[in-house]
Amino acid sequence: MSNDDPQTSTPPAVTVEPAETAATPVATDLLAPLQTTPPSLAEPEMLVKGLRYLQERIPEFTQLSVREKRSYARAANLDPEFVENGLHAARVWRQTKMMVKRTGEELGQEQEEIRHWDEVIREMRALTDGIEAANVKRKHRLGTAILHIYRMLGIYFHRSLPEDAYMRPYYENMKRAYLRTQQFRRRKKKEEPAE
């Protein structure tokens, strides 16, 4: 029987083997990346747009007020063993659909969906923690450089060299801001209750 036979409903399998060239690396391990160059780094503006787009695609995505969170807290945080026993009872009880408008199987599917979204939440928290840590490192790097400039300018002005006089207004502005920050920190520390 030929492949042109109209009675055959499955199309012939077609496989394409990529030609091996010097420019195309061959992966010997399934987990080995095929790219030899690292992926391009994400820009913050691109990520913000992507995350906003992602929000529109997440089912039931919403924001809750503090009051709403409190009102949902009790039923949303039941003991896992209690929930599992409840799901088992819902599957067995003939009145489940009439009482809660869903079958025991539908409730089980909802529990499975919750587990998947909990995993997404953990990964998103890890992602935001990593982004925050990277930004703290950037802020530290910048802050260290600014503090070094401030200290060095202070040393320069103790020597009072005329060629450095043009920097005095910039240094004075930095000094005012720095002292104001230090006063605020001291005041805040005094206001903190003793443990």
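For the classes used below, Ala, Val, Leu, Ile, Met, Phe, Trp, Tyr, Cys and Pro count as nonpolar, Asp, Glu, Lys and Arg as charged, and the others, Gly among them, as polar. The structure described here is a predicted model.

**Overall architecture**

The protein contains 6 helices and 0 strands, and its elements follow the order α-α-α-α-α-α from the N terminus. Of its 195 residues, 7% are buried.

**Pockets**

By class, the second largest pocket has a lining of 7 nonpolar, 1 polar and 2 charged residues. Its lining consists of Ala-42, Pro-44, Leu-47, Val-48, Leu-51, Thr-128, Ile-131, Glu-132, Ala-134 and Arg-138. Helices α1 and α5 are the elements that give two or more residues to this lining, and α5 gives the most, with 5 residues.

The largest pocket is lined by 40 residues. Nearest its centre lie Ala-76, Ile-114, Trp-117, Asp-118 and Ile-121. At least two lining residues are supplied by each of α1, α2 (66-76), α3 (80-92) and α5. Helix α5 provides the largest share of this lining, 15 residues. The lining of the largest pocket divides into 24 nonpolar, 7 polar and 9 charged residues.

The two pockets are set out together in the table.

| Pocket | Volume | Lining from α5 | Lining classes |
|---|---|---|---|
| Largest pocket | about 2,000 Å³ | 15 residues | 24 nonpolar, 7 polar, 9 charged residues |
| Second largest pocket | about 300 Å³ | 5 residues | 7 nonpolar, 1 polar, 2 charged residues |

**Nonpolar surface patch**

A nonpolar patch on the surface is formed by Leu-47, Leu-51, Leu-54, Trp-117, Val-120, Met-124, Leu-127 and Ile-131, which together have about 640 Å² of accessible area. Two or more residues of the patch come from each of α1 (44-57) and α5 (104-159). The greatest contribution is that of α5, with 5 residues.

Some members of the patch also appear in the pocket linings. Leu-47, Leu-51 and Ile-131 belong to the patch and are among the residues that line the second largest pocket. Trp-117, also a patch residue, is one of the residues nearest the centre of the largest pocket.

Leu-54, another residue of the patch, lies in helix α1. Its relative accessible area is 39%, so Leu-54 is classed as partly exposed, the range between under 20% for buried and over 50% for exposed.

**Val-83 and Gln-111**

Val-83 belongs to helix α3. With a relative accessible area of 24%, Val-83 is likewise partly exposed. Although Val-83 and Gln-111 are 28 residues apart along the chain, their C-alpha atoms are separated by 8.9 Å.

**Backbone conformation in two loops**

Most residues other than glycine have a negative phi. Two loop residues of this model have a positive value instead. Phi of Glu-60 is near 60°, and Glu-60 is found in the loop between α1 and α2. Its relative accessible area of 75% is over 50%, and Glu-60 therefore counts as exposed.

Lys-101, which is not a glycine either, has a positive phi of about 65°. This residue is found in the loop between α4 (96-100) and α5. Lys-101 is exposed, because its relative accessibility of 64% is over the 50% cut-off.

Methods: Residues are numbered from 1 along each chain as its sequence is written. This is a predicted model: local features need pLDDT of at least 70, side-chain atom pairs count only at pLDDT 80 or more; totals for chains, interfaces and linings use all residues. Side-chain values use heavy atoms; hydrogens and water are left out. Patches are made of residues with over 30% relative accessible area and no salt bridge: like charges are joined within 9 Å, nonpolar side chains (Val, Leu, Ile, Met, Phe, Trp, Tyr) within 5 Å. Accessible areas come from the Shrake-Rupley method with a 1.4 Å probe; for residues, only the protein chains shown count as cover. A salt bridge is a side-chain nitrogen of Lys or Arg within 4 Å of a carboxyl oxygen of Asp or Glu. Helices (H or I, at least four residues) and strands (E, at least two) are DSSP runs, numbered from the N terminus. Buried means under 20% relative accessible area, exposed over 50%, partly exposed in between (1.4 Å probe, protein chains only). On a 1 Å grid over the protein atoms alone, a cavity is a set of points where a 1.4 Å probe fits but cannot get out, and a pocket is an open set with protein on both sides within 12 Å along at least five of seven lines; lining residues have an atom within 4 Å of a point. Grid points are joined across faces, edges and corners, and a volume is the space filled by probe spheres set on the points.
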